[in-house]
Amino acid sequence: MEYLTQILGKIVLDQNGERFGKIAEVVVSPSEPLPIISAIQVRTEDGAMFVPADMIEAVTNSREFRLTHPIPQIRPYMIGEHDFSLVRDVLDKQIVDVHDYRVVRVNDIRLERLKNGRLALLGVDPGVRGVLRRLGLEAAVSGLGKMLHLPAPDEHFISWNDVESLPTHNAGEPLKLKVSHEKLSKLHPADIGDILNQLDPAHRKEVLETLDLETAAIALSEMDDEVQVDALRNLDEERAADILEEMPADEAADVLGDMDRAHRNELLGRMTAEDREEVEELLEYRDETAGGMMTNEYVAIKADFTAQQTIDTLRALEPEAETIYYVYVIDHEEHLVGVISLRDLIVARADAIVADFMIVKVRSVRVDANHEEVAHTFERYKMLALPVVDDENVLQGIITIDDTLEQLLPPDWRRRPSQRKRDRKPQESGV
């Protein structure tokens with residue numbers, strides 16, 4: 001087993017045993033199953049030369065390397081479009097561990113000699129031992145630990161196949177590996193959100209730009225509030241607006257509500273009229289009220305609908321199953337007059353009129369109700385969703401039970417407000 005830091009700085013001899021230079025860089029070419037070391041950059045007194053990897057070898061029982069051909073016969077390696085450099089592009093850079101959903105810094109790089117003699121890139125070491133190895137202290141610390149009967153530092157290793165490399169922003173072209181962010185894009189959006197929280201703004205921006213809109217919207221919902229705002233601020237305004245449109249209106253309102261007025265208005269102006277209107281309506285309410293907790297995306301029908309018409313409406317809207325706890329009944333002036341559960345709807349005759357089997361005593365809260373009142377109503381009546389009305393009993397939106405729990409849980413246990421309803425995409429019917 002070899003490590004990059006054990007190779008860097010090593011002396012390279014020519015065929016006559018004379019000093020030629022020192023190893024300064026290692027160039028890797030994408031390959032399957034592992035990337036292959038294709039060239040070694042040797043720094044000489046006259047400059048630097050990229051020596052093909054098959055023209056340089058380690059000297060047995062020595063810390064030196066030697067050229068296998070006379071210098072005049074060595075044709076410098078030409079860097080390919082998809083090649084990358086381990087020192088410049090990987091060492092000390094951020095790596096996304098797609099197994100543990102975390103961002104780590106590469107402290108060393110593990111190489112392995114294949115059966116054909118070629119060196120391959122096996123993985124990265126983000127642990128303390130990688131730092132000690134670079135400082136030349138690994139053996140000393142290990143020996144001291146044994147003397148003092150202390151446990152040795154854990155050995156951390158992440159296989160190259162299990163990481164997603166992030167492009168550098170301090171050197172020319174970005175690192176290119178297979179399909180950019182291929183592994184990262186296959187993660188659950190919740191895990192992507194956790195990773196985005198750990199990235200610096202430049203890398204976070206790039207990830208959000210490569211994800212499809214739906215995944216980006218859900219991932220954004222998983223991020224910390226302050227990180228959400230920063231992420232959207234760094235994105236192109238059109239892209240940021242597209243992501244907000246993909247989010248449920250209440251989540252988009254949560255994010256926009258934390259922005260400065262100028263940037264909020266800029267993004268709202270780029271959203272479609274329908275999405276903008278829904279979000280602006282929610283932005284009028286204070287966070288600590290029922291209006292601030294609710295979503296204005298719900299399913300409502302008229303009392304003269306039949307059961308079959310109601311089912312057809314739900315099918316036409318195609319809302320996600322998690323979003324429909326109840327179907328609300330309103331009159332022609334949108335006053336809340338009743339509610340039906342999905343169970344009641346399913347067992348009703350197809351021609352049954354909603355007014356004949358709906359519940360007319362609907363428990364609701366006013367838009368200015370506080371969190372405690374909302375929570376008390378949920379607990380008292382064992383509801384899954386709670387309608388929110390204005391002073392004239394006009395239906396304004398609904399609050400789901402998970403939103404209420406978030407407000408009651410201790411801060412260390414509470415899900416971030418921006419995570420609300422990430423799996424829901426409720427819709428309002430044309431009534």
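Start with Leu-268 and the company it keeps: setting aside neighbours within four places in sequence, Leu-268 is in contact with Leu-256, Arg-276, Val-279, Glu-280 and Leu-283. Keep in mind as you look around that this is a predicted model. Leu-268 sits in helix H12, which covers residues 261-270. With a relative accessible area of 4%, Leu-268 counts as buried, because that value is under 20%. One of its contact partners, Val-279, lies eleven residues away along the chain, and the C-alpha atoms of Leu-268 and Val-279 are 8.4 Å apart.

Now move to another spot, where two helices meet. Two packed helices are described by the angle between their axes and by the distance between those axes. Here the pair is H6 (residues 189-198) and H8 (residues 213-221), packed at about 60 degrees with axes 7 Å apart. That angle makes H6 oblique to H8, and the crossing of H6 and H8 is right-handed. On the H6 side, the contact is made by Pro-189, Ile-192, Gly-193 and Leu-196, while H8 brings Thr-215, Ile-218 and Ala-219. Sort the residues of this contact by type and you get five nonpolar, two polar and no charged.

Finally, step back to the whole protein chain. Its secondary structure comes to 19 helices and 20 strands. The chain has 431 residues, and 48% of them count as buried. Looking at contacts between residues at least 6 apart in sequence, 59% join residues at least 24 apart. As for the outside, the protein chain exposes about 21,900 Å², with carbon and sulfur atoms supplying 49% of that area.

Note on methods
Residues numbered from 1 in each chain as written. Predicted model: local features only at pLDDT ≥ 70, side-chain atom pairs only at ≥ 80, totals over all residues. Heavy atoms only, no water. Helix = DSSP H or I, 4+ residues; strand = E, 2+ residues; numbered from the N terminus. Buried < 20%, exposed > 50% of the residue type's maximum accessible area, 1.4 Å probe, protein only. Contact = heavy atoms within 4.5 Å. Areas by Shrake-Rupley, 256 points an atom, 1.4 Å probe, with all protein chains shown as cover. Axes fitted to C-alpha atoms, helices over the stretch in contact; angles between N-to-C directions. Parallel < 35°, antiparallel > 145°, perpendicular 65-115°, else oblique. Left-handed = near helix turned anticlockwise from the far one by under 90°. Nonpolar A, V, L, I, M, F, W, Y, C, P; charged D, E, K, R; others polar.
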